[in-house]
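Welcome, and thanks for opening the viewer alongside this text. Each stop below suggests something to select and then says what is there.

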Amino acid sequence: ATPEVRLISALVCSLFNKGIMDPETLCMATAFCLTRDCPSWEISLIRGELAAPNVPQLNHILVILIAKYRVFVDFEWRGRFRLARRTPEYEEWFATVSPVLVASEPSLVRQVQNNSMHVRNCFHKLGMDLPPWRRSDALVHSYRQSAAAGIDVRPLCSTMLKMFSSFGEPPSGSSEATIVLSSDDELDESSADEGIGRRHPSELSSSSSGPVRCS
């Protein structure tokens, strides 16, 4: 993974492990921190109501333009592959899917293709036809089309920054000191981006559940 992907992953995991687990809240908290600390990055928000006709609506995704490449941060990654009917094999695999994805665009495509293969196999074993919108190419198309209609988060984050600055400090859990790179958790071998699943040192002895793996 690039240093930028690792930085974003560490931030997301730090916020998640501090209890910010709601996708919408985690999305905006991440956008706020990145807008404040990385002002040269262009950050846009994908909103479902802005999707083109016949394109599945995607929500709670940040698209970050760094130099000449894009990084996608999908805060509902696991939910994209939740099925109403599942085989035991799919249940076992689904439990390993990270709730959040942080990936460059090529890695996003590869991981969509990998996950969609599991979806296709599940439908096949259940004797069901795979819906067109469940195909990997359809989901990749949705990401790209939605990204083209993303909205700039800077105006909203600027307002938030001014509000918190009036109190003399940023919101809890978003200070730069919490963006810490520590040892890696075990990663799924199919994941092309690494540097994920880190926790702040003060949380390593916590009795809470294991750290989230943001792949």
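Two residues are in contact when heavy atoms of theirs lie within 4.5 Å. With that in hand, start with the whole chain, which is a predicted model. Residues 24 or more positions apart make up 63% of the contacts in the protein that have a separation of 6 or more. The protein has 215 residues, and 44% of them count as buried.

**Stop 1: the whole fold**

Switch to a cartoon and colour by secondary structure: 6 helices and 5 strands should appear. Followed along the sequence, the pattern is α-α-β-β-β-α-β-α-α-β-α.

**Stop 2: the sheet**

Now select the strands. They form an open sheet of 5 strands in the order S4-S3-S2-S1-S5, with antiparallel pairing. S4 and S5 are the edge strands, each pairing on one side only.

Begin with S1, residues 42–46. How many of the 5 residues of S1 are buried? The count is 4, so the strand is largely enclosed by the rest of the structure. On one side, 5 bridges join S1 to the antiparallel strand S2, residues 61–66. To see this pairing, show Glu-42 opposite Leu-65, then Ile-43 with its bridge partner Ile-64. S1 also pairs with S5, residues 151–152, in the antiparallel sense over 2 bridges. Here Ser-44 stands opposite Asp-152.

Next, move to S4, residues 101–104. S4 pairs with S3 through 4 bridges, again in the antiparallel sense, and Val-73 stands opposite Val-102 of S4. In a regular strand, side chains alternate between the two faces of the sheet. Show the side chains of S4 to find Leu-101 and Ala-103 on one side, and Val-102 and Ser-104 on the other. Are these faces covered or open, and which residues are buried? Both faces are covered, and these four residues are all buried.

**Stop 3: the nonpolar cores**

Hide the cartoon for a moment and look at side chains. The largest nonpolar core has 29 residues, and those with the most contacts inside it are Ile-8, Leu-62, Ile-64 and Val-73. Two or more residues come from each of helix H1 (3–17), H2, S1, S2 and strand S3 (69–74). H2 gives the largest share of this core, with 8 residues.

Centre the view on Ile-64. Leaving out residues up to four places away in sequence, Ile-64 touches Ile-8, Leu-34, Trp-41, Glu-42, Ile-43, Tyr-69, Arg-70, Val-71 and Val-73. Another core, of 24 residues, lies apart from the largest one; among its members are Ile-46, Leu-101, Leu-139 and Val-140.

**Stop 4: helix H2 and two cysteines**

Select residues 23–37, which make up helix H2. At 1.5 Å a residue, these 15 residues should span 21 Å, and the end C-alpha atoms are 21 Å apart, which agrees. Colouring by accessibility picks out a run of buried residues from Leu-26 to Thr-35, including Met-28, Phe-32 and Leu-34.

Cys-33 is in that buried group too, with a relative accessibility of 1%. Cys-38 also counts as buried, at 12% relative accessibility. Why is there no bond between the sulfurs of Cys-38 and Cys-33? The sulfur of Cys-33 is the closest cysteine sulfur to that of Cys-38, but the two are 9.7 Å apart, too far for a bond. In keeping with this, the structure holds 0 disulfides.

**Stop 5: Arg-135 and its surroundings**

Finish by zooming in on Arg-135, in the loop between helix H4 (105–125) and helix H5 (136–148). Is Arg-135 buried, partly exposed or exposed? At 44% relative accessibility, Arg-135 counts as partly exposed. Its side chain makes a polar contact with the side chain of Asp-137, at 3.3 Å. Beyond residues up to four places away in sequence, Arg-135 touches Ser-116 and Leu-130. For a distance to display, try the C-alpha atoms of Arg-135 and Val-119: they are separated by 8.7 Å, with the residues 16 apart along the chain.

From there, step to Ser-116, which lies in helix H4. Ser-116 counts as buried, at 4% relative accessibility. Setting aside neighbours within four places in sequence, Ser-116 is in contact with Phe-81, Arg-134, Arg-135 and Ser-136.

Notes:
Residues numbered from 1 in each chain as written. Predicted model: local features only at pLDDT ≥ 70, side-chain atom pairs only at ≥ 80, totals over all residues. Heavy atoms only, no water. Buried < 20%, exposed > 50% of the residue type's maximum accessible area, 1.4 Å probe, protein only. Polar contact = N/O pair within 3.5 Å; in protein donor to acceptor, adjacent residues only side chain to side chain. Pairing = 2+ DSSP bridges. Expected span 1.5 Å × (residues − 1). Disulfide = S-S within 2.5 Å. Core = buried A, V, L, I, M, F, W, Y, C linked by side-chain atoms within 4.5 Å.
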